[in-house]
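User: Hi! I am new to reading protein models and would like to learn how the labels are justified. Could you go through this one with me?

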Amino acid sequence: MSINIDNLLLTGSILLLLSILTGTTSSRFGIPTLIFFLFVGILAGSEGLGGIHFEDPKIAQFVGISALNFILFSGGLDTNFKSIRPILRSGILLSTLGVCITAVSLGLFVHLVLDFTIAEGLLLGAIVSSTDAAAVFSILRSKGVALKGFNRPLLELESGSNDPMAYFLTISLTTFVAHPEMGFWNLVPLFFKGIIIGTLLGYVMGKLMKLMINTIVLNSEGLYPVLVLALAIFTYSGTEFLGGNGFLAVYLAAVILGNSNIIHKRTLIKFFDGQAWLMQIILFLTLGLLVFPSQILPVAGIGLIVALFLILVARPLGVFISLAFSGFNRRSKLFISWVGLRGAVPIVFATYPMIAGIEKSQMIFNIVFFIAVTSILIQGTTITYMAKLLHLIAPAKAKRRIGTDFEFSEKVKSRMEQVTLPADSGVALQKIVQIDFPKTANIMAIKRNNVFITPVGSTVLQPGDTLYILAEDDDALKAAYSTLKMPMPQ
């Protein structure tokens with residue numbers, strides 16, 4: 001079956017529906033939803049029941065990169081900086097040093113057990129060296145696993161930030177294998193260039209997004225997600241155009257935006273969460289279509305050996321060395337090692353050697369695919385079991401608080417105050433989101449011209465408004481008065 005304009009939407013909608021329905025059923029059996037998206041694509045492919053002929057790695061790579069931008073942006077938008085701040089150093093080490101150690105150890109193993117040169121082995125190791133953001137975000141959140149300590153923030157930070165290192169290693173080693181005369185060390189300056197430009201533009205674009213959302217007045221609330229979508233795509237493409245790392249820029253911009261006071265914040269988070277799920281489905285479907293089962297089966301034996309070495313040796317080696325001087329105990333390191341999920345990202349990276357025309361690219365792709373499927377099936381289905389086995393499940397009370405859709409402070413707000421803004425108020429004619437109101441207090445209602453208004457971030461304060469403030473304690477109330485640029489009554 002060939003895809004054309006006439007049947008593209010029909011075929012695509014059928015595949016989406018099948019993926020969602022089978023994914024819903026899979027959760028009852030404890031099987032990760034993502035694996036079903038992948039198998040629907042395989043069944044629809046040229047060697048499956050659908051007979052859809054698709055073998056273009058360039059299109060698959062374009063779809064993969066586009067989808068990863070949505071997935072990383074959504075993950076960054078939902079990342080609480082307060083939760084990752086204590087483990088920021090550990091997360092950076094894990095997503096850089098840990099990735100390198102995993103790639104090198106697996107690459108040397110592949111060189112020893114297969115007819116691969118050291119460079120080809122390292123290339124395969126680089127492709128599967130990073131954990132998959134789509135797999136980690138979706139499995140941790142769908143299973144509702146509440147973990148003790150900083151294990152979960154570290155896993156989500158790592159999965160969202162380790163793609164740049166794996167991407168650099170993959171591109172560099174692909175170039176080196178295809179053109180050995182270039183020399184690998186000549187590519188190192190490009191890595192630092194990519195990280196520096198990616199970090200700078202990610203920070204600048206995150207701040208710019210906040211400014212534009214809170215300043216530009218759009219006719220409809222539904223246009224704000226579209227605005228952010230355009231800015232996110234511009235962040236990636238602009239960074240790549242300037243030689244920076246677009247994945248890093250997109251994730252960092254999303255983290256900055258998600259931790260800022262912006263209007264329609266919940267709408268934006270829900271929108272990008274839905275888009276991330278859509279992109280995950282499209283990504284796994286596309287990669288499933290690219291797979292030929294007849295080529296996967298012959299490498300199943302060696303693929304299983306490589307996958308087990310990655311799960312049991314290479315990944316733990318990277319974790320234990322990277323976190324050697326961190327505050328994480330042995331049980332946490334074992335669990336973090338186990339949640340080194342490989343999913344769509346390695347499969348997307350495996351298309352680079354194919355496009356470059358490297359001799360063993362097809363075998364690399366087939367082994368990488370087998371590793372990804374093995375990782376999701378073995379590690380993805382046992383995350384909860386391993387957390388229980390290592391005594392890392394958080395108490396039930398903490399789990400309910402983590403799983404709720406709202407963020408409550410641990411302290412109960414106990415001070416109610418009625419404040420009237422004077423005519424010369426320093427915050428008059430500003431939106432609530434712009435005045436940086438303390439999180440330890442809330443403006444519960446506004447009385448304006450004898451009419452009560454339910455305030456939101458975009459509500460503009462007016463002289464003469466009476467604000468009903470609920471604060472945690474005296475210190476919180478004092479901070480609220482300070483934000484309103486008013487003296488606190490004695």
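User: What makes Glu-120 count as buried or exposed?

Analyst: Good place to begin, and please keep in mind that this is a predicted model. The relative accessibility of Glu-120 is 9%. Buried means under 20%, so Glu-120 counts as buried.

User: Why is the pair of Lys-360 and Glu-120 called a salt bridge?

Analyst: The closest N and O atoms of Lys-360 and Glu-120 are 3.3 Å apart. The cut-off is within 4 Å, for a side-chain nitrogen of Lys or Arg and a carboxyl oxygen of Asp or Glu. The pair therefore fits the term. It links distant parts of the chain, with the two positions 240 residues apart in numbering. Lys-360 sits in the loop between α18 and α19, while Glu-120 belongs to helix α6.

User: How do you know whether Lys-360 is buried or exposed?

Analyst: Its relative accessible area is 18%. That value is under 20%, so Lys-360 is buried.

User: How many salt bridges does a search of the whole structure find?

Analyst: The search finds four. One of them joins Arg-152 to Glu-156, with the closest N and O atoms 3.4 Å apart. These two residues both lie in helix α8, four residues apart, which is about one turn of the helix. Arg-152 and Glu-156 are both buried.

User: What makes Asp-465 and Arg-448 a salt bridge?

Analyst: Here the closest N and O atoms are 2.7 Å apart. The limit is within 4 Å, so this pair earns the name too. Asp-465 is in the loop between β3 and β4, Arg-448 is in strand β2, and they are 17 residues apart.

User: Why is Asp-465 called buried?

Analyst: Asp-465 has 1% relative accessibility. Because buried means under 20%, the label applies to Asp-465.

User: What is the phi of His-391, and is this residue buried or exposed?

Analyst: Phi of His-391 is near 60°, a positive value in a residue other than glycine. You will find His-391 in the loop between α20 and α21. Its relative accessibility is 55%. Exposed means over 50%, so His-391 counts as exposed.

User: And how do you know whether Asn-449 is buried or exposed?

Analyst: Try the comparison yourself! Asn-449 has a relative accessible area of 69%. That is over 50%, so Asn-449 is exposed. Asn-449 is located in the loop between β2 and β3, and has a positive phi of about 55° although it is not a glycine.

Methods. Residues are numbered from 1 along each chain as its sequence is written. This is a predicted model: local features need pLDDT of at least 70, side-chain atom pairs count only at pLDDT 80 or more; totals for chains, interfaces and linings use all residues. Side-chain values use heavy atoms; hydrogens and water are left out. Buried means under 20% relative accessible area, exposed over 50%, partly exposed in between (1.4 Å probe, protein chains only).
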